[in-house]
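Q: Please take a close look at one part of this structure and describe it in a single connected account. Start from one residue and work outward from there.

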Amino acid sequence: HFLELPVWMTFQLKKSDKLFLAWQAGLSFSYLINTNALQFDPSSQTYYKDNSLFNKTQVNLSTGLTIGFYHKKSLLEIGPEIQYGTTNMLHGYTKNSQHVFYGGLKFSIEPWKK
C-alpha cells in the first residue's frame, strides 16, 4: 500500500469539438505505508516477513496516451498508462534489483465547459 503524490504534464496532440488526444508524462513520489510481502531465504529454503528490508520512499516515472470524447458537460478519457519505479524496492541486501512496474488502462471523467 502506497501513498503517492503525482505530478503530471499533459501535451495536447489533437483537439477538436468531438475528440481530444493527449500524451501525458509524469513523476511521482510515493511512500510505502504497509506491505504483507514475504522474503525468501535460499540457504534455509524458507519464507519470512521483514518489512525493514523495504525502501519506504519511491520515485516513479509515468506516461500514457489518452483519447477523450466530449459528452454533454464532461470530457470522457480513456487510454493506456504505464508507471515504472526508478527506486529499488529493497535496500541493498539482495543481488537482484526489484522495481515496481504498473501497466493498465486509465479511464477518467472531467468536467468541461464549451
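**From a loop to the sheet**

A: Thr-35 is buried, because its relative accessible area is 16% and the limit for buried is under 20%. The model is predicted, and Thr-35 is placed in the loop between β2 and β3, the latter being residues 39-41. The side chain of Thr-35 has a polar atom 3.1 Å from the backbone nitrogen of Ala-37. That distance is within the 3.5 Å allowed for a polar contact.

On the other side of β2 in sequence is the strand that pairs with it. Strand β1 covers residues 2-15 and strand β2 covers residues 19-32. A hairpin of three residues connects β1 to β2. The two strands run antiparallel to each other, and their pairing comprises 13 bridges. Two of the facing positions can be named. Lys-14 is set opposite Leu-21 of β2, and Thr-10 is set opposite Gln-24 of β2.

The pair belongs to a wider arrangement. β1 and β2 are part of an open sheet of five strands, ordered β1-β2-β5-β6-β7 and paired in the antiparallel sense. The edge positions are held by β1 and by β7 (101-111); each has a single partner strand, so one side of each has no neighbour in the sheet. From one strand to the next, the twist averages 20°.

At the other edge, β7 leads to a feature of the surface. A nonpolar patch is formed there by Ile-67, Phe-69, Ile-78, Leu-105, Phe-107 and Ile-109. Together these residues have about 590 Å² of accessible area. Strand β7 makes the greatest contribution to the patch, supplying three residues. β5, which spans residues 57-71, and β7 each provide at least two residues of the patch.

Ile-109, one of the patch residues, is located in β7. Its relative accessible area is 52%, and Ile-109 is therefore exposed, the limit for exposed being over 50%. Ile-109 in its strand and Thr-35 in its loop thus fall in opposite classes: Ile-109 is exposed, whereas Thr-35 is buried.

In summary, the account runs from the loop that holds Thr-35, through the hairpin between β1 and β2, across the open sheet, to the nonpolar patch on the surface.

Key: Residues numbered from 1 in each chain as written. Predicted model: local features only at pLDDT ≥ 70, side-chain atom pairs only at ≥ 80, totals over all residues. Heavy atoms only, no water. Pairing = 2+ DSSP bridges. Helix = DSSP H or I, 4+ residues; strand = E, 2+ residues; numbered from the N terminus. Axes fitted to C-alpha atoms, helices over the stretch in contact; angles between N-to-C directions. Patch = residues over 30% accessible without salt bridge, like charges linked within 9 Å, V, L, I, M, F, W, Y side chains within 5 Å. Areas by Shrake-Rupley, 256 points an atom, 1.4 Å probe, with all protein chains shown as cover. Salt bridge = Lys/Arg side-chain N within 4 Å of Asp/Glu carboxyl O. Buried < 20%, exposed > 50% of the residue type's maximum accessible area, 1.4 Å probe, protein only. Polar contact = N/O pair within 3.5 Å; in protein donor to acceptor, adjacent residues only side chain to side chain.
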